[in-house]
Amino acid sequence: MYRIFYTIAIIILFAGNAFAQKFEFSGNKKRETLAFRMIKNQMVIQLHINGKGPFNFILDTGVGLVLISDPKLIDSVSFQNLRSIYITGFGEGEKLSAFIAPSVDLRIGNTIAKNISAAILKKDIFELSNYVGIPIHGLIGYEFFQSFVVRLNFFTSTITVFQPERAYIPRKGSRIPLSIEERKPYINTNIQLKSGKKLPVKLIIDTGAGHPVSLETMDGVPFELPDERIRGNLGVGLTGPIDGYIGRITSLQLGKYTLNNVIAAFPDYEDAASRVFSINRNGNMGLEIIKRFNVVFDYNRAAMYIKPLTTLKETFEHDMAGMEISSAGENYERLIITRVEPSSSADLTGLMKGDEILAINFKPVSEMSLSEINTMFRSRNGRNFVIDILSKDGKNKERVILTLNKRI
């Protein structure tokens, strides 16, 4: 199941110089290469806050303000002059209460940002740590990307940042114009629906979203749904769960490249599009597409460069098990089923929400990563897995055969 962390719309109820804040190299450096970890379609980097850390953050172009999602950091990091605010975003529910820290010092590698503003959630509604399987403390985007020319290499899992004064143009890279609006990058491109209809769309480039593409609204009304689709929980927004449909579109254009038979999310209008007021957009493009290229972001010149990897032509596949799983335990070594889709393979096998997966094909899940398991459950229609289960009440162990079923 794709977990979608939708681009966050934040209402900041304070004045200050937040929009002038940026990272800079320490010393006379002009470039630096940093490592990231790709876990369940999330780019995880390490940073320090006020001299403490390191803390794990998701690198997310869809975030316009540094967001600390783990409120426990309030006790471990010295924040000054905290003020309460309300933030809003996609999902069911009311506005969410948070703090704003108007002056935070951040360090990523040898790059430093002074007096950055950050929002701190009072409740960890994302539960990113359980989703990813390691401690996750927040998300960072605009402040980092607008400070440098940023090259993402998905083959080596590295980020190289360059001084913004000098343009970096990769060899054989294809240039795509960007517009930076409300601190987020947008592109204009074209899609073709399964009905054959071709449409121009404006999409956020959102490295924090795990899906290929999400289509919210066209001219104020929901997109036409494909005939073959499944109902499901698309993920979580700032104010609660986001429901909708998952299907496919015939194609999506990215620069000179055409991606075919792309998995697409169609969130319910009330959960997503009805909550977007300031930017005229149609949806977002997530990391499942972006990671098929090496990418250079140059916010200052309103451009993105892409160079395809060998994964470009790989088939887009959805979860074929029909269940969501989440890490649990002090060291995230346990694996709990958090949702089972009706009539899916998991449902027909008898798996239930709250069951604990102990082993897959006789290998304990404590020896497997969530990314590895996620890939296995999207691998091939008809593939069988031996699953060892502990029931929700902890009383019964059972061994079942789960057969993957391609539903879209």
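Of the contacts in this protein between residues at least 6 apart in sequence, 67% join residues at least 24 apart. Keep in mind that the model is predicted. Strands are the main item on the element list: DSSP-style counting gives 30 of them, alongside six helices.

**Burial and surface**
- The protein has 408 residues, and 56% of them are buried.
- About 17500 Å² of the protein is exposed. Carbon and sulfur atoms supply 47% of that area.

**An open six-stranded sheet**
- Six strands make up an open sheet, and reading across it gives the order 3-13-12-23-24-14. The pairing is antiparallel.
- Which strands stand at the edges? They are strand 3, covering 31-35, and strand 14, covering 174-177. Each of these has a single partner strand, so one of its sides has no neighbour in the sheet.
- Going from one strand to the next, the twist averages 20 degrees.
- As a general reminder, strands of a sheet pair through backbone hydrogen bonds, in either a parallel or an antiparallel way.

**A look at the strand 14 edge**
- Strand 14 runs antiparallel to strand 24, which spans residues 303-308. How many bridges join the two? There are four.
- For a specific place to look, try Ser174: it stands opposite Ile306 in strand 24.

**Backbone oddities**
- Some background for this group: most residues other than glycine have a negative phi, and most peptide bonds are trans.
- Gly53 and Pro54 are joined by a cis peptide bond, with omega at about 10 degrees. Pro54 is part of strand 6, which runs over residues 52-59.
- Asp219 isn't a glycine, yet its phi is positive, at about 55 degrees. Where does Asp219 sit? It's in the loop between strand 18 (213-215) and strand 19 (230-237).
- Is Asp219 buried or exposed? With a relative accessible area of 74%, Asp219 is exposed, since the cut-off for that label is over 50%.
- Tyr332 also has a positive phi, near 60 degrees, and is a residue other than glycine. You'll find Tyr332 in the loop that links strand 25 (323-328) and strand 26 (334-340).
- Tyr332 has 22% relative accessibility, so it counts as partly exposed; buried would need a value under 20%.

How values were computed:
Residues are numbered from 1 along each chain as its sequence is written. This is a predicted model: local features need pLDDT of at least 70, side-chain atom pairs count only at pLDDT 80 or more; totals for chains, interfaces and linings use all residues. Side-chain values use heavy atoms; hydrogens and water are left out. Buried means under 20% relative accessible area, exposed over 50%, partly exposed in between (1.4 Å probe, protein chains only). Contact means heavy atoms within 4.5 Å. Accessible areas come from the Shrake-Rupley method with a 1.4 Å probe; for residues, only the protein chains shown count as cover. Two strands pair if DSSP finds at least two bridges between them. Axes are lines fitted to C-alpha atoms, for helices over the stretch in contact, and angles run from 0 to 180 degrees between N-to-C directions.
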